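Colleague: I am new to this structure and would like some help reading it. Could we go through it together, one feature at a time?

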Amino acid sequence: MTESTNWPDPEQLPATGQQDRAARRQLFSAYVDGELPGDVSDALEQRLEADPAFEEAYRSYEAMITSLRDLPSQGADEAFLSDVQDSLRRRSGGQFFGAGSIGGSEISSFTSQTRVHELAAAAMLAVMLGAYLSFGPSTGDLTTSDSPRLDVPPQSAERHQ
Amino acid sequence: MTSRPDRKLVRRLKQREEEAFTEMVRRYQDQVISIIHGIVGDREEAREVAQEVFIAVFKYIDSFRGDAKFSTWLFRIASNRAKNRIKYLARRNHRQHQGLDDTRESRIESNPAGGGADPRPDESAQGRELADLVQEGLEELAPKYREIIVLRDVEDLSYADIAETLDVAEGTVKSRLYRARSKLKDYIDARYDLEDKV
């Protein structure tokens with residue numbers, strides 16, 4: 001047995017046939033990805049060198065993986081970027097990638113949430129400022145009765161002396 | 001964790017910069033389309049889903065907290081949307097062909113020994129390139145197996161990145177990948193009619 005007991009022992013596996021096929025493939029799958037522990041990997045390589053039938057089985061498996069990795073790329077075509085920009089423009093009602101009106105679209109409604117909050121905060125500040133200017137320094141005292149009157153010179157009595 | 005260039009990109013995306021959107025698409029369009037194509041199996045569908053993915057990322061970028069890599073978060077959205085598209089197409093296909101159990105998802109799943117019907121004589125594996133069979137077999141796999149093969153063998157993502165993308169443990173990645181490759185090997189062997197199957 002190898003040191004890594006979670007893995008099948010490459011020395012004990014039959015080279016072909018249905019028996020232990022799952023164990024064989026499990027080893028091959030991890031080996032092609034470089035995921036086998038060192039001792040198991042060494043044992044597998046020794047078996048591959050010593051047993052042509054086992055090596056043929058591995059080569060067949062490896063060929064499939066190589067074919068997968070060689071599949072032609074299915075990347076984007078040249079028009080994809082402009083298409084996706086155009087799609088965003090339409091779905092944002094012209095907010096992005098175009099001069100159009102805002103509103104009625106998913107994205108503009110989403111991004112305008114922030115704007116609504118900002119406007120609400122600004123409106124609240126404006127109301128508070130208005131209230132302060134209307135009822136604050138000129139017509140009333142917003143401080144409590146216990147608070148010192150900051151608009152009255154504290155040393156006024158001294159001047160009479 | 002998200003790489004430095006991606007962190008900067010995410011910051012700009014959160015500020016809803018058009019240029020950042022363009023940069024994101026340029027940077028990831030090939031991988032996103034490739035992943036979706038690998039799962040959906042149709043180029044036009046993949047293109048359409050990829051557009052939805054980029055727009056969704058732009059829309060929901062504020063929900064990206066930065067715990068994971070931006071790329072794996074993006075790939076997860078791509079993968080989920082691709083699988084949803086397959087379900088939608090399967091439902092549509094089912095409605096159109098009621099009574100026929102012909103959904104792509106059910107073929108190999110229902111036949112562990114190798115999937116679909118026997119090849120017609122003109123589809124015999126004799127003389128055919130392995131690459132054609134691999135492509136064909138990949139399209140016949142169940143979406144979860146197709147997805148993991150695409151992420152690992154086509155897109156060359158590490159086990160850790162796949163785990164993050166699929167939101168599963170690395171052990172699950174290993175076992176699912178092994179099963180996916182095994183099913184694909186069954187498919188190929190059945191068509192090559194090998195005496196000693198690997």
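Modeller: Gladly! Let us begin with a rule for helix pairs: angles under 35 degrees count as roughly parallel, over 145 as roughly antiparallel, 65 to 115 as roughly perpendicular and the rest as oblique. Please keep in mind that this is a predicted model.

Colleague: Thanks. At what angle do α6(B) and α9(B) pack, and how far apart are their axes?

Modeller: In general, two packed helices are described by the angle between their axes and the distance between the axes. Here, helix α6 (residues 130-140) of chain B packs against helix α9 (residues 170-192) of chain B at about 130 degrees, and the axes are 9 Å apart. The two helices are therefore oblique to each other. As for handedness, α6(B) passes α9(B) in a right-handed crossing.

Colleague: Which residues of α6(B) and α9(B) meet?

Modeller: From α6(B) come Leu133(B), Val134(B), Gly137(B), Leu138(B) and Glu140(B); from α9(B) come Leu184(B), Tyr187(B), Ile188(B) and Arg191(B). Sorted by class, this contact has six nonpolar, one polar and two charged residues.

Colleague: And what does chain B look like as a whole?

Modeller: Chain B has nine helices and zero strands. Buried residues account for 42% of its 198 residues. Among the contacts in chain B with a separation of 6 or more, 67% join residues 24 or more positions apart.

Colleague: What should I look at around α8(B)?

Modeller: Helix α8 (residues 159-166) of chain B has Ile162(B), Glu164(B), Thr165(B) and Leu166(B) buried. Asp167(B) follows α8(B) and is found in the loop between α8 and α9 of chain B. Asp167(B) is not a glycine, yet its phi is positive, at about 60 degrees.

Colleague: Is Asp167(B) buried or exposed?

Modeller: Asp167(B) counts as exposed, because it has 12 C-beta neighbours inside 10 Å and the cut-off for exposed is 12 or fewer. Chain A offers another case: Phe97(A) has a positive phi of about 55 degrees, although it is not a glycine either. Phe97(A) sits in the loop between α4 and α5 of chain A and is partly exposed, with 18 other C-beta atoms within 10 Å.

Colleague: How many residues of chain A are in contact with chain B?

Modeller: The general idea first: the size of an interface is often given as the accessible area lost when the parts come together. Here we can count residues: 38 of chain A are in contact with 37 of chain B. On the chain A side, α1 (21-32), α3 (52-69), α4 (80-91) and α5 (106-135) each give two or more residues. The most come from α3(A), with nine. By class, the chain A side has 17 nonpolar, twelve polar and nine charged residues.

Colleague: Which helix pair could I look at between the chains?

Modeller: Try α3(A) and helix α7 (residues 143-154) of chain B, whose axes come within 9 Å and cross at roughly 85 degrees. That makes α3(A) roughly perpendicular to α7(B). Ile65(A), Leu68(A) and Arg69(A) meet Ile149(B), Asp153(B) and Val154(B) there. This contact divides into four nonpolar, no polar and two charged residues.

Colleague: Where in chain A is confidence lowest?

Modeller: Where pLDDT is low, the predicted coordinates should not be read in detail. Chain A averages a pLDDT of 76. Confidence in chain A is lowest in helix α6 (residues 156-160) of chain A, with a mean of 39, and highest in α4(A), at 96. Residues 101-105 of chain A stay under 50, and residues 138-161 of chain A are also below 50.

Definitions and conventions:
Residues numbered from 1 in each chain as written. Chains lettered and ligands numbered in written order. Predicted model: local features only at pLDDT ≥ 70, side-chain atom pairs only at ≥ 80, totals over all residues. Buried ≥ 20, exposed ≤ 12 C-beta atoms within 10 Å, placed from the backbone. Helix = DSSP H or I, 4+ residues; strand = E, 2+ residues; numbered from the N terminus. Contact = placed C-beta atoms within 7 Å. Nonpolar A, V, L, I, M, F, W, Y, C, P; charged D, E, K, R; others polar. pLDDT = per-residue confidence, 0-100. Axes fitted to C-alpha atoms, helices over the stretch in contact; angles between N-to-C directions. Left-handed = near helix turned anticlockwise from the far one by under 90°.
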